[in-house]
Amino acid sequence: MNWAEFFSMGGRGFYVWGSYGAFALVITLEIVLLRLRAKRAAALLNGVKS
Amino acid sequence: MNLYKYASPVTFYPLAGKMWPWFATLAGLLAVAGLYLGLFVAPVDFQQGEVYRILYIHVPASVVGMFVYLVMAFYGVLALTLNTRLSAMMMEALAPTGALLTALALWTGSLWGRPTWGTYWVWDARITSTLLLLFLYVGYLALVHAIEDKRRADKAGALLVIVSSINVPIIYFSVKWWNTLHQGSSVSLAGNAIASPAMRWGLLLMTLACWMYAIAMTLVRVRAIIREREGDAAWMADAAGSKA
């Protein structure tokens, strides 16, 4: 299998990669936002401790 | 073993901290194996061609998006009957991931619908009830954050989720009860809609990966929620001291 063929997905690349791309984007965004929230929550705690 | 012990945020906080990396690692490994099978090994669908490969993310997102709501309803019952604080926190931790997966189920379904049905959107029973599920997730989060008094917010949220969880079996059975454009269950034990073992395994691994991802996200989020809500409790300082 060659890569051009793989990415074209039989001419339906837009739909297939539009789906996979959105999926990757959304979970990446969730992970980033959750890390920020966890850091903020940790800072909150350190504020209480000091 | 005393199960009540784990219903307390004090004991659950460090436990969740130890568990989430395992679930996250499993999610990653399962996704790599599942994507490999789904995108490279599994044969092309004889009717739809390559575009059917959306299946490997559409079905996991839909299944886990629906089931997370049932898990929330289960915690809702615990929150109302046993009055455990952690149950309500778990509900709040589960909701954002459930909402995102449901949104992805709709998005990927829409992109799959266009080349196969000729339309991005159709108001059929399954798609409409899935859209309702997304609104319920958003509605729950809005409700819980709108009420100042946390105890009242938790109770109202639990009640909303328990009552509206009836929507989940409606989504599941919608393809049988109504004449929908959406196809029936792809993975039925009786049928053989998915014939190739690579297809079946790819789908199974991707669904498990999605599950492990949802669990990891929930565990990390519930820790943040515990800190946000109970950060001033003395035990938190100890928990933070031993492992941040």
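**A guided look at two chains**

User: How many salt bridges does the rule find across the interface of chain A and chain B?
Analyst: The rule finds 2 salt bridges across that interface. Keep in mind that this is a predicted model. Glu30(A) and Arg221(B) give us a case to look at: their side chains meet in a salt bridge, at 2.8 Å from N to O. Beyond salt bridges, 6 residue pairs are in polar contact across the interface of chain A and chain B, both residues being at pLDDT 80 or more.

User: Which elements of chain A give two or more residues to the side that touches chain B?
Analyst: Those elements are H1 and H2 of chain A. H2(A) provides the largest share of that side, with 22 residues.

User: How do I read the size of an interface?
Analyst: The size is often given as the accessible area lost when the parts come together. Here, about 2900 Å² is buried between chain A and chain B, and carbon and sulfur atoms give 75% of this area. Chain A brings 28 residues to the contact, and chain B brings 36 residues.

User: Let's turn to aromatic rings. How is a pair of them described?
Analyst: Two values do the job: the distance of the centres and the angle of the planes. Over all chains, the count comes to 18 aromatic pairs. One of them joins Phe7(A) and Trp17(A), with 5.8 Å from centre to centre and 55° between the planes, and this pair is tilted. Phe7(A) is in helix H1 (residues 3-8) and Trp17(A) in helix H2 (residues 13-49) of chain A, so their pairing ties together parts that are 10 residues apart in sequence.

User: Are Phe7(A) and Trp17(A) buried, exposed or partly exposed?
Analyst: Phe7(A) is partly exposed, at 48% relative accessibility. Trp17(A) is partly exposed as well, at 25%. For another pair, try Tyr69(B) and Tyr137(B): their rings are edge-to-face, 5.0 Å centre to centre with 85° between the planes. This pair links distant parts of the chain, with Tyr69(B) in helix H2 (residues 55-81) and Tyr137(B) in helix H4 (residues 125-146) of chain B, 68 residues apart. Both Tyr69(B) and Tyr137(B) are buried.

User: Which residues do ring pairs link into a cluster?
Analyst: The cluster holds Trp3(A), Phe6(A), Phe7(A), Trp17(A) and Tyr20(A), along with Tyr36(B) and Phe40(B). A ring can also meet a charge: the charged end of Arg223(B) sits over the ring of Tyr13(B), 4.2 Å from its centre.

User: What about the sign of phi?
Analyst: Most residues other than glycine have a negative phi. Met9(A) has a positive value, near 45°. Met9(A) is placed in the loop between H1 and H2 of chain A. With a relative accessible area of 2%, Met9(A) is buried, because buried means under 20%. Asn83(B) also has a positive phi, of about 60°, and is not a glycine. You will find Asn83(B) in the loop between H2 and helix H3 (85-117) of chain B, and this residue is partly exposed at 44% relative accessibility.

User: Is Thr218(B) buried or exposed, and which residues does it touch, not counting those up to four places away in sequence?
Analyst: Thr218(B) is buried, with a relative accessible area of 4%. This residue lies in helix H7 (residues 197-230) of chain B, and, with that exclusion, touches Met90(B), Ala93(B) and Leu94(B). For an exposed residue, look at Arg40(A) in helix H2 of chain A, which has a relative accessible area of 57%.

Methods
Residues are numbered from 1 along each chain as its sequence is written. Chains are lettered from A and ligands numbered from 1 in the order in which they are written. This is a predicted model: local features need pLDDT of at least 70, side-chain atom pairs count only at pLDDT 80 or more; totals for chains, interfaces and linings use all residues. Side-chain values use heavy atoms; hydrogens and water are left out. Rings of Phe, Tyr and Trp (its six-membered ring) pair if their centres lie within 6.5 Å; planes under 30 degrees apart count as stacked, over 60 as edge-to-face and the rest as tilted. Helices (H or I, at least four residues) and strands (E, at least two) are DSSP runs, numbered from the N terminus. Buried means under 20% relative accessible area, exposed over 50%, partly exposed in between (1.4 Å probe, protein chains only). A charge sits over a ring if NZ of Lys or CZ of Arg is within 6 Å of the ring centre and within 35 degrees of the ring normal. Contact means heavy atoms within 4.5 Å. Buried area is the accessible area (1.4 Å probe) that two parts lose on being put together, summed over both. A salt bridge is a side-chain nitrogen of Lys or Arg within 4 Å of a carboxyl oxygen of Asp or Glu. A polar contact is a pair of N or O atoms within 3.5 Å; within protein, one must be able to donate a hydrogen and the other to accept it, and residues adjacent in sequence count only if both atoms are side-chain atoms.
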